[in-house]
Amino acid sequence: MEQRRSKDKSKKAKLLDRERTMDTSWIKRALCIAALPLFLQGCEKSKDPQTYLAQATQEYEEEDYEQSLIHLKSALKMDPSHAQVRRLLADVWFKLGEAKACVEELQKAEDLGINPNHLLLTRARCLLVQNDFDTLLALHYTGNLLKISNQDKAILYALKAQASLKKHQFNQALDYLDQAEETMDDLSEVKWTKALWLAHQNQIEDAMDLIRELTEKEPKDAKIWALKGDLYRLQQKPSHAEMSYSKALLTATNRLDQRDYYLYRALTRVFLN
């Protein structure tokens with residue numbers, strides 16, 4: 001009898017120990033879950049603007065502009081006067097089709113000490129989108145021009161040629177295009193501009209030859225596919241034009257371009273039906 005009672009007491013003791021252990025484990029788990037948001041918040045606070053800028057730069061290079069925007073805004077919450085963050089934010093806004101916001105950030109970056117020469121091309125692209133052609137044509141690099149790369153010089157000439165075409169000043173456009181080719185003729189921006197100029201001169205086959213070359217070199221450049229669609233439309237090849245506009249839609253990074261390419265494709269489909 002005594003042995004049986006002893007065994008019963010031992011079993012009860014083990015059950016109580018197990019219950020206590022389970023109770024303690026549950027409490028520990030609950031505390032861990034409750035503390036998780038605070039832990040994550042602490043991790044976020046441990047990041048500095050430079051870390052966010054590094055993340056945003058990598059995402060920009062990977063063409064993940066929305067995520068880059070999130071990290072840049074986080075950096076600015078910590079340091080609103082971070083000049084390099086403002087500079088990259090301007091580029092991100094442009095990629096997302098927000099030209100007005102881009103111009104605002106460019107001005108803030110310049111006010112914070114960024115060299116205006118380093119902001120010039122983004123400013124020129126914004127002005128082109130905003131149809132402010134005269135202001136674009138008045139832009140120029142300042143200071144020691146030897147420090148400006150041939151690539152940057154050639155791109156500015158190409159953008160000025162595009163603005164001149166928009167104004168139907170074809171001779172001026174050709175002058176800028178010649179300067180761009182003399183500076184760096186193998187740039188995609190320069191070749192695209194030449195194809196555009198050829199199209200305005202109704203030299204459609206020559207323009208198409210350049211665009212075919214560019215689509216092989218830059219298959220993710222939406223504006224190349226869009227111009228290819230325009231050329232096919234001029235050649236009265238609507239099915240080919242529709243395919244090119246579809247590829248432009250797939251590769252476009254900003255909402256304004258997507259809207260335009262969607263419209264071009266829709267108009268092309270009207271001719272197919």
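What is the handedness of the crossing in which α2 passes α4? The legends below start with that view, and all of them describe a predicted model.

**View 1. Helices α2 and α4 pass each other in a left-handed crossing.**
Here you can follow helix α2, residues 49-61, as it meets helix α4, residues 83-95. Their axes come within 11 Å and cross at roughly 30°. Angles under 35 degrees count as roughly parallel, so α2 is roughly parallel to α4. On the α2 side, look for L53, A56, T57 and Y60 making the contact. Their partners on α4 are Q84, V85, L88, D91, V92 and K95. Sorted by class, the contact has 6 nonpolar, 2 polar and 2 charged residues.

**View 2. A salt bridge within helix α5 links E105 and K108.**
Now let us turn to charged pairs. Side chains of opposite charge can pair when their charged atoms come close. The model has 12 salt bridges by the rule used here, and this view shows the one between E105 and K108. Their closest N and O atoms are 3.8 Å apart. Both residues belong to helix α5, which spans residues 99-111. They sit 3 residues apart, about one turn of the helix. How buried or exposed are these two partners? E105 has 7% relative accessibility, so E105 counts as buried. K108 has a relative accessible area of 37%, so K108 is partly exposed.

**View 3. R123 and E110 form a salt bridge between two helices.**
In this pair, the closest N and O atoms are 2.9 Å apart. Which helices do the two residues come from? R123 lies in helix α6, residues 116-129, and E110 lies in helix α5, so the salt bridge ties together parts that are 13 residues apart in sequence. R123 has a relative accessible area of 17% and is therefore buried. E110, at 28% relative accessibility, counts as partly exposed.

**View 4. D209 and R212 meet in a salt bridge within helix α11.**
The N to O distance between these side chains is 3.4 Å. You will find both residues in helix α11, residues 204-217. D209 and R212 are 3 residues apart, about one turn of the helix. D209 counts as partly exposed at 45% relative accessibility, and R212 is partly exposed as well, with a relative accessible area of 33%. Salt bridges can also share partners, and those that do so join R86, E105 and K108 into one network.

**View 5. N131 has a positive phi in a loop.**
Before you look at the backbone here, one general point will help. Most residues other than glycine have a negative phi. N131 is not a glycine, yet its phi is positive, at about 60°. Where does N131 lie? Look in the loop between α6 and α7, the latter being residues 133-137.

**View 6. N202 also has a positive phi, in the loop between α10 and α11.**
Phi of N202 is near 65°, a positive value in a residue other than glycine. The loop that holds N202 runs between α10, residues 188-200, and α11. Is N202 buried or exposed? With a relative accessible area of 61%, N202 is exposed, because exposed means over 50%.

Methods:
Residues are numbered from 1 along each chain as its sequence is written. This is a predicted model: local features need pLDDT of at least 70, side-chain atom pairs count only at pLDDT 80 or more; totals for chains, interfaces and linings use all residues. Side-chain values use heavy atoms; hydrogens and water are left out. Axes are lines fitted to C-alpha atoms, for helices over the stretch in contact, and angles run from 0 to 180 degrees between N-to-C directions. Helices (H or I, at least four residues) and strands (E, at least two) are DSSP runs, numbered from the N terminus. Angles under 35 degrees count as roughly parallel, over 145 as roughly antiparallel, 65 to 115 as roughly perpendicular and the rest as oblique. A crossing is left-handed if the near helix is turned anticlockwise from the far one by less than a right angle, and right-handed if clockwise. Contact means heavy atoms within 4.5 Å. Ala, Val, Leu, Ile, Met, Phe, Trp, Tyr, Cys and Pro count as nonpolar, Asp, Glu, Lys and Arg as charged, and the others, Gly among them, as polar. A salt bridge is a side-chain nitrogen of Lys or Arg within 4 Å of a carboxyl oxygen of Asp or Glu. Buried means under 20% relative accessible area, exposed over 50%, partly exposed in between (1.4 Å probe, protein chains only).
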